[in-house]
Amino acid sequence: MANPSSFTLSSGHVMPAVGLGTFRVKGEDCYNIVREALRVGYRLIDTASVYRNEKEVGDAIRDSGIPREEVFVTTKLSPRDQHGYEAAMRAMRMSISRLNVGYIDLFLIHWPGRSGKRLEPKDNYQMRMESWHALEDLVEEGVVRSIGVSNYTQRHIEQMLTGTYTNAKDGSTRAIVIPPSVNQVELHPLYPQTPLRRYCDLKGIHVQAYSSLGQGDERLLKHPLLEYASRKCDVSPFHLLLHWGLSIGCSVLPRTSNIERVESNLISTQPDHAFPSYLSLLSSLVAESDSIHSEGGREGMHGGGRGNIDPSCACPRSKRREVVVERVGEKRVAMYESVIGCDIDQLQPIKFCWDPQDIE
């Protein structure tokens, strides 16, 4: 089956299936990469307040000469600004001003908690809901078209869809009016998020994948199954991972600081490039990863501690979390070893970013 070129969100707006991620790309480098991405055909650009590059992204879009309505722009509310309706509204208006592209196609709440706070405060829920209220008001104003969340678990979304909160404006009890269109989460074959994806699909929430390449970590990119499949497809592991994300119905956000790689990432994901027989090999790995995560093999977060939420949200600087696979049945061992000649002990489901599960 061919890869999708776009997805229609619950808001009714159409979002390209492949976008350019701009995390860790700043200044002139960001401007140049976004200009090149637009030149070669990207029509979705993903930024965020914490990336500190919204101005450069906006400048590149305006200078590209491409009509505004042809470019889909995503940005995100920083955890440091999730301190009530007024703080969130001020921060989001500043993002809109920095981008200066007329309107925002998709505005996300970047993280379910807040910077500078422990994970447990019960008012995290209230702050999330007030931030959402601000987003709904921006949709009503017409300066934001679709709204969503990032790094939300099923529990966070359930609270959002079914709960109420006290309206900070007038003290009334309020429920959300507009459901989220998107949940942007870390997602790759070693952290496939299958239960969350199923839940979001049931609720009409599109799942968008970041860290499709596992932050470039060799534990994913040099995984024996991935190496075998990429050799057979004659494509790089990077590109096969992007294909896998598209094949399960997610949009993807390849990120690079190498301007020469921008075009190849896009070309590799075009609808006429598909490798279903070898993507099924990765499905075997996904099944194994799902079984490990469902058995509760989560280690302590942040290297065992429960520290403050880092404002970079998606990829904090603290120690990455790793979940080690238990030895599996002899049949699966035999299958892996017969197909790729590797030892089962090499197979380790890994999550590369922080886990939001513990945030109240």
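# Exercises on the strand order and core of a predicted model

Strands β3 and β4 (residues 44-46) pair in the parallel sense over two bridges; two strands count as paired if DSSP finds at least two bridges between them. Helices (H or I, at least four residues) and strands (E, at least two) are DSSP runs, numbered from the N terminus. The model is predicted, so local features need pLDDT of at least 70 and side-chain atom pairs count only at pLDDT 80 or more, whereas totals for chains, interfaces and linings use all residues. Residues are numbered from 1 along each chain as its sequence is written, and side-chain values use heavy atoms, with hydrogens and water left out.

## Exercise 1: the sheet

Find the order of the eight strands in the open sheet and the strands that stand at its edges.

Solution.

1. Start from β3 and β4, where the bridge partner of L20 is I45 in β4.
2. Follow the pairing across the sheet: the order is β3-β4-β5-β6-β7-β10-β11-β12, and the pairing is parallel.
3. The edges are β3 (20-21) and β12 (251-252); each has a single partner strand, so one side of each lacks a neighbour in the sheet.

## Exercise 2: strand β7

Determine which strands pair with β7 and whether β7 is mostly covered or not.

Solution.

1. On one side, five bridges join β6 (residues 104-109) to β7, and the two run parallel. Within this pairing, F107 has I147 of β7 as its bridge partner.
2. On β10 (residues 182-186), the pairing with β7 is also parallel, over two bridges. Here S150 stands opposite Q184 of β10.
3. For cover, take buried as under 20% relative accessible area, exposed as over 50% and partly exposed as in between (1.4 Å probe, protein chains only). Six of the seven residues of β7 (residues 144-150) are buried, and the strand is mostly covered.
4. Add the helix: α4 lies across β5, β6 and β7, and runs at about 160 degrees to β7. Axes are lines fitted to C-alpha atoms, for helices over the stretch in contact, and angles run from 0 to 180 degrees between N-to-C directions.

## Exercise 3: helix α3 and the largest core

Identify the residues that touch the most other members of the largest nonpolar core, and the helix that gives the most to this core.

Solution.

1. A nonpolar core is a set of buried Ala, Val, Leu, Ile, Met, Phe, Trp, Tyr and Cys residues joined through side-chain atoms within 4.5 Å. In soluble globular proteins, nonpolar side chains tend to be buried together.
2. The largest core has 70 residues, of which V34, Y42, M92, F107 and W132 touch the most other members. Helix α3 (residues 85-99) gives the most to this core, with seven residues.
3. A second, separate core has eight residues, including F72, L106, L108 and V182.
4. Check the length of α3: its 15 residues reach 21 Å from first C-alpha to last, close to the 21 Å expected at 1.5 Å a residue. The expected span is 1.5 Å times one less than the number of residues.
5. Among the buried residues of α3 are Y85, M89, M92, S95, I96 and L99. The buried residues of α3 pack against α2 (54-63), β5 (72-77), β6, α4 (123-141) and β7, with contact meaning heavy atoms within 4.5 Å.
6. M92 touches L77, F107, S131, A134, L135 and L138, not counting residues up to four places away in sequence.

## Exercise 4: three loop residues

Classify V101, T22 and G204 as buried, partly exposed or exposed.

Solution.

1. V101 is found in the loop between α3 and β6. Its relative accessible area is 8%, so V101 is buried. Not counting residues up to four places away in sequence, V101 touches G58, I61, R62 and R68. V101 and G58 are 43 residues apart along the chain, with their C-alpha atoms separated by 6.1 Å. Before this loop residue, N100 comes just after α3 and takes a positive phi of about 55 degrees.
2. T22 lies in the loop between β3 and α1 (27-40). At a relative accessible area of 2%, T22 is buried. Leaving aside neighbours within four places in sequence, its contacts include V34, I45, D46, Y51 and R255.
3. G204 sits in the loop between α6 (194-202) and β11 (206-210). Its relative accessibility is 36%, so G204 counts as partly exposed. G204 touches S10 and S181, not counting residues up to four places away in sequence.
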